[in-house]
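Welcome, and thanks for taking a look at this one with us. Have the sequence and the model open side by side as you read the briefing below.

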Amino acid sequence: ADRNTTYTTIHLETGLGDIEYKFTFANIEDGLASIFCNVVSAASNEATTEQVRKKLGHEGLLSKRASVRYANTIGAEKTQDQPEAPVGAGEVLAGMPVPGY
């Protein structure tokens, strides 16, 4: 991009309004940032709908491809492997081997 290029920054926020991600687009291609926002919004709406259906016990009504079902299964397994509380720097350093001098 040259010196005259303008940029658009998009902030993705949590439900509480905290900024989770920042994306910056060079305004070289018209509407790229807008297209990105539309796609993210559609994916967010779909995920929200899926969560509500699951909460209501209607998860069997969702027609998902086999690859999506497999990915969800792997994701659920990996979620169970995660620690319940965030790992602190002290815990990471305690697990590292001490170099022998």
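How many helices and how many strands does the protein have? There are three helices and two strands, and their order along the sequence is β-β-α-α-α. Please keep in mind that this is a predicted model.

**Overall shape and packing**

- The radius of gyration of the protein is 21 Å, whereas a compact globule of 101 residues would come out near 13 Å.
- Measured out along the principal axes, the C-alpha trace would fill a span of about 55 × 50 × 30 Å.
- Just 5% of the 101 residues count as buried.
- If you take the contacts between residues at least 6 apart in sequence, 10% of them join residues at least 24 apart.

**Surface and charge**

- About 9,100 Å² of the protein is exposed, and 55% of that area is supplied by carbon and sulfur atoms.
- The protein carries 9 positive and 13 negative charges, and the mean positions of these two groups lie 6 Å apart.

**Confidence**

- The average pLDDT of the protein is 83, and 94% of the residues score at least 70.
- Which elements have the lowest and the highest mean pLDDT? Helix α3, covering residues 89-94, has the lowest at 79, while strand β1, covering residues 7-13, has the highest at 90.

**A look at Thr5**

- You will find Thr5 in the segment before β1.
- Is Thr5 buried or exposed? Thr5 counts as buried because its relative accessible area is 16%, and the cut-off for buried is under 20%.
- Setting aside neighbours within four places in sequence, Thr5 is in contact with Ala26, Asn27 and Ile28.

**A look at Phe36**

- Phe36 sits in helix α1, which runs over residues 32-55.
- With a relative accessible area of 21%, Phe36 is partly exposed, since that class lies between the 20% and 50% cut-offs.
- Which residues does Phe36 touch beyond its neighbours within four places in sequence? Phe36 is in contact with Ile10, Phe23 and Phe25.
- Ile10 falls within the range of strand β1, residues 7-13, so the contact list of Phe36 links helix α1 to that strand.
- The C-alpha atoms of Phe36 and His11 are separated by 12 Å, and the two residues are 25 apart along the chain.

Conventions: Residues numbered from 1 in each chain as written. Predicted model: local features only at pLDDT ≥ 70, side-chain atom pairs only at ≥ 80, totals over all residues. Heavy atoms only, no water. Helix = DSSP H or I, 4+ residues; strand = E, 2+ residues; numbered from the N terminus. Rg over C-alpha atoms; globule rule 2.2 N^0.38 Å. Buried < 20%, exposed > 50% of the residue type's maximum accessible area, 1.4 Å probe, protein only. Contact = heavy atoms within 4.5 Å. Areas by Shrake-Rupley, 256 points an atom, 1.4 Å probe, with all protein chains shown as cover. Lys, Arg positive; Asp, Glu negative; His and termini not counted. Charge placed at Lys NZ, Arg CZ, Asp CG, Glu CD. pLDDT = per-residue confidence, 0-100.
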